[in-house]
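Biologist: I am new to this structure, and I would love a close look at one part of it, the cavities inside. Could you walk me through what lines them and then show me the chain around them?

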Amino acid sequence: MKRAAPNETQQAQPEEGLGRKGRTRRKFLAAGLLGGSALLVGWGVQPPRQRLHTSAPLPVAQDTVALNGWVAIGPDGIVSVVVPRSEMGQGVHTALLTLVAEELDVALEAVRVAQAPIDPIFANLTVLRENLPFHPDDTGQLRQGAQWMMAKLGRELGIMFTGGSTSIKDAWTPMREAGAVARAMLLEAAAGQWKTPVAKLRTEDGFVLHPDGRRLGYGALAQEAARVGEGIDSADVRLKAPREFRLIGKPLGRIDSRVKSNGTARFGIDARPPGMLYAAVKMAPTVGATLVAFDANAVRSMAGVLAVVPVPGTPGDLTGAGAGVAVVAGSWWQARQAASALPVTWNEGAHARLSTESLFESFARALDEEGGFAYHEAGSQDARGAAVTVSAEYRAPYLAHAAMEPINCTAQVVDGKVRLWASTQVPSVAVDVAARVAGVAREDVAIEVMLLGGGFGRRLEADMVAQAVTVATSLHGKPVQLIWSREDDTTHDVYRPAALARYKAHLDAKGNILAWDARSAGGAIGHQYFPRNLGLPGVGPDKTTAEGAYDMQYGIANQRIAHVIVDSPVPIGYWRSVGHSHNAFFKETFVEELAHAARRDSVEFRRSLLQEHPRALAVLDAAVARAGQPEEGRAHGVALHRSFGTTVAQVAEVSVQEGAIRVHRVVCAIDCGLVVNPNIVAQQVESGVIFGLSAALHGEITLKDGKVEQSNFGDYPVLRMSEAPKVETIVMPSSEHPEGVGEPAVPPIAPAVAAAVFKLTGQRLRSLPLRLT
C-alpha cells in the first residue's frame with residue numbers, strides 16, 4: 001500500500017497495492033528480478049566483471065608503478081593502496097589497508113592511502129545485494145539468484161558507496177586479491193632476476209627473500225613486476241588462510257590517529273584552494289517551500305558581500321536542502337550575516353500546516369485500514385488455545401544526523417571543468433550531481449574526497465554538492481566553500497523516518513508464543529533516496545521499513561511481519577542503523593512484555609527462542625555472564641539484535657535519579673564474523689552505544705506548521721561526557737566471513753535501557769525518546 005501524507009488540501013486515501021490479497025515477497029522479487037526483458041536476462045547471464053584493473057590507467061606519482069587498480073609501489077618501497085571508502089571516524093582506512101598489507105606481506109607502516117578515481121571496480125556491490133528483503137535463514141535459489149543479479153547491477157552502476165556497514169564485507173575479496181596478485185608479480189620479477197623458481201622464494205616485510213639469504217625490496221622490483229606480471233591470472237593466486245594471518249585479527253593502531261591528534265587531518269571544511277570565497281545559504285522555512293523572490297540589493301552593501309545566488313531545490317524533490325538563496329562573501333561569517341539579513345519571499349506550499357501529530361495520525365489510519373506488505377510470514381495467526389493475548393503500540397520519532405562537521409562542499413567551475421572538495425560517502429553520486437548541475441560531462445568533474453567529521457548516512461546525500469556547484473557556476477572560475485550553520489543542518493536534514501508499530505502475540509498456558517503479528521507504518525527511504533540520488537525508481541517494498549523486525553533470530557513458528565508505506569512529505573534518508581534503529585526497540589520491548597506476561601525471566605525467555613541459532617545464544621550468554629549483578633539501586637536491562645549480518649547482545653545497567661534515566665554501564669557482546677582489527681570493533685561498539693543512547697534519551701525531531709521545531713544542540717541534545725556510560729566490549733571468536741561493525745551496536749541500547757527502567761519503576765516506555773511520567 002502507498003498513501004499520500006495528509007496536508008491542508010488533501011487527505012490520505014487508500015489505494016490498491018502491495019500487501020493486498022496474498023501478493024507475497026517471493027512473487028514480487030521473482031516478477032521484478034527474474035521476469036524482466038530479454039535484454040535484462042541476456043545481460044544477467046554474462047560472467048561477473050573483473051574488479052582488479054581500472055578502466056583507465058591508475059593515476060600515480062612519478063616513478064611509482066601501478067601493479068593493478070588497487071596497488072602501486074614507489075622506488076622507496078612505499079605502497080600506495082587505493083581506498084574507495086570514505087573515512088568518517090570508523091577506521092575504514094586502517095582496516096582496508098590491512099587487507100592489502102596482509103596479502104602483500106608488508107608492514108602497515110609502509111602503506112599509504114591513495115585517492116580512488118571514479119571507476120566501476122570500486123563500486124560497492126554488497127550494499128545493493130543486501131538491500132533485498134530476504135530472511136537471513138532463507139538460503140534458497142531465489143535469494144542466491146536475486147543477490148547475484150543485484151551485485152551485477154551494482155557493478156554496472158558503479159556506485160562508490162560507504163554505508164550499510166558493508167566496507168569490509170565488500171572489500172574482503174577484491175582488496176585481498178589485489179595484494180596477493182601484486183605479491184605474485186613481485187615474486188615473478190625476483191625469480192626472473194635470480195633465475196630461481198618462484199616456489200623457492202618467499203616474501204616478508206616488503207622484500208622477496210632467496211633461500212641463500214639474498215633479498216630484493218619491492219621498490220627495486222616494481223618496474224619489472226609490472227612488465228612480467230601481466231600474464232598472471234588472479235584465479236591462480238592463492239589467498240592466505242586465517243592461520244597464516246600476521247596482521248588481520250591483530251589490535252593494530254589506526255593510521256589516522258596522529259593527524260587527528262595534532263590537527264593536520266584535512267576534513268571537507270579544511271579545503272583551501274587559492275582564491276577561495278565563502279557561501280552561506282538562507283534556507284526555506286517550511287518543508288517543501290519554494291522561492292518566490294528576494295531583494296539582493298538589501299545586502300550588497302554589507303561587509304564582504306560579493307554575490308547573491310538563488311539555489312533551487314536541486315537535485316530534486318524532497319532533498320534536505322530544499323530551496324534557498326546563497327550569499328557569497330570574503331569570509332563565511334560575512335556570508336552568514338548577510339544571508340540572515342536577506343529579505344526573501346517564500347511560497348510555503350501544501351505543507352504549511354504539517355505537524356508531528358498529523359503525521360502520526362496518518363500512520364494510525366494506515367494501520368487501521370491496511371494489513372501491509374508482509375516481509376516475512378510463516379504459519380498462521382490462529383489464536384485457538386491461547387491463554388493470554390498481549391498487544392502494544394510503539395512510536396519512534398524523526399531523528400537528525402547531527403554530525404559534528406557542519407554540512408559543506410567546496411566547488412570550482414572553470415573552462416567547462418568542475419573540481420570538488422567534499423566530505424562525502426558517495427563520491428560517484430557527487431560527481432554525477434555536479435556534472436548535471438554544471439551541464440558538463442561526468443569525465444569533466446574531478447573530486448578530492450576529504451575526511452568526514454561524521455557521516456551517519458547524512459553524507460550519502462548530494463544536496464550540498466548541488467548547492468555549491470550552482471553557486472560556483474556564477475563566480476567566473478573562483479572556488480567557493482559553501483557551509484551550513486548548525487541550524488541549517490538540524491532544520492534541513494534528511495531525517496530518520498518516524499514510525500508507528502502495533503504488535504500482538506498469543507501465549508499458551510505455559511507462556512510459549514503461539515503466534516506473533518507485527519505491523520508498522522511510516523515512510524520508505526528508498527522511495528526518496530533512489531530517485532533523488534541515483535535516478536532509479538523508488539517503488540515497491542523497501543527492506544529498511546521492516547528490517548530488524550522481519551529478520552529476527554527468534555524461533556517463532558507462526559509469525560507475520562508487515563509494513564504499510566505512508567509516503568513522507570518530510571525528506572527522509574539513511575540514518576546510522578536505518579530501520580533497525582527503531583524496529584529493534586519495538587521488537588525487543590515486545591519480547592520483554594511477553595516474558596512479563598508469561599511470568600518468565602526475559603533472558604531465559606529469549607534463550608528458549610534461540611535454540612536454532614547457537615551463535616546468537618552464545619552472544620546473549622556472554623553479555624549476561626560478563627554483566628554479573630547490578631549495583632544496589634540499579635537494574636539490568638537486556639536486548640539482543642541482529643543487523644548487517646552481526647549479532648549484538650547488550651546489558652545496560654541503569655538507575656533513575658530525580659526522575660532522570662541514568663545509564664552507568666553497558667556490556668556488549670558482538671559476533672561480527674572474522675575480525676580484521678579488534679581495536680576498531682571495540683571503538684565502533686563504544687561509538688554505537690553513545691550514538692544510540694543519545695537518540696534513546698534525547699533524540700526527537702518534531703514539526704509544527706510545516707517547520708522543524710529543533711535547531712541546535714540546545715533543543716536537539718546529544719549525550720554529554722558526564723552522561724556517557726562505561727562500555728565493555730566482548731568480541732566473539734569466529735572464522736566466518738566478516739560482517740558489519742559500524743552500525744550494529746546502535747539498535748539494542750534503547751530497548752535494553754527501557755527494560756531496566758521497567759524493573760526500576762514499573763513504567764513500560766513504548767515511545768522514543770524514553771521519558772518517565
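Modeller: Happy to! Let's start with the helices that help to wall in the largest cavity: α20 (678-697) and α21 (749-761) each supply at least two residues of its lining. Of these contributors, α20 gives the most, with three residues. Please keep in mind that this is a predicted model.

How much space lies in the largest cavity? The volume comes to about 100 Å³. The lining has 13 residues, and the closest to the centre of this cavity are Ser581, Gly692, Ala695, Ala696 and Leu768. If you sort the lining of the largest cavity by class, you find nine nonpolar residues, three polar ones and one charged one.

Now turn to the second largest cavity, which holds about 90 Å³ of space. Here 16 residues form the lining, and Pro497, Gly523, Thr544, Thr545 and His582 are the closest to the centre of the second largest cavity. Which elements give two or more residues to this lining? They are the strand β21 (513-522) and the helices α16 (543-546) and α17 (580-597). By class, the lining of the second largest cavity divides into six nonpolar, nine polar and one charged residues.

These two belong to a slightly longer list, since a search of the whole structure finds four cavities of 30 Å³ or more. As for how such spaces come to light, rolling a probe the size of a water molecule over the atoms shows where empty space is left.

Let's step back to the chain around them. The protein chain contains 21 helices and 28 strands. Its C-alpha atoms fill a box of roughly 80 × 70 × 60 Å, taken along the principal axes. Why can we call the overall size that of a compact globule? A compact globule with 773 residues would have a radius of gyration near 28 Å, and the protein chain has 27 Å, so the two agree.

The inside and the outside of the chain can be described too. Of the 773 residues in the protein chain, 59% are buried. Among the contacts with a separation of 6 or more, 77% are between residues 24 or more positions apart. On the outside, the accessible surface of the protein chain comes to about 29,900 Å², and 52% of that surface belongs to carbon and sulfur atoms.

Conventions:
Residues numbered from 1 in each chain as written. Predicted model: local features only at pLDDT ≥ 70, side-chain atom pairs only at ≥ 80, totals over all residues. Heavy atoms only, no water. 1 Å grid on protein atoms, 1.4 Å probe; cavity = no way out; pocket = protein on both sides within 12 Å on 5 of 7 lines; lining within 4 Å. Points joined across faces, edges and corners; volume = space filled by probe spheres on them. Helix = DSSP H or I, 4+ residues; strand = E, 2+ residues; numbered from the N terminus. Nonpolar A, V, L, I, M, F, W, Y, C, P; charged D, E, K, R; others polar. Rg over C-alpha atoms; globule rule 2.2 N^0.38 Å. Buried < 20%, exposed > 50% of the residue type's maximum accessible area, 1.4 Å probe, protein only. Contact = heavy atoms within 4.5 Å. Areas by Shrake-Rupley, 256 points an atom, 1.4 Å probe, with all protein chains shown as cover.
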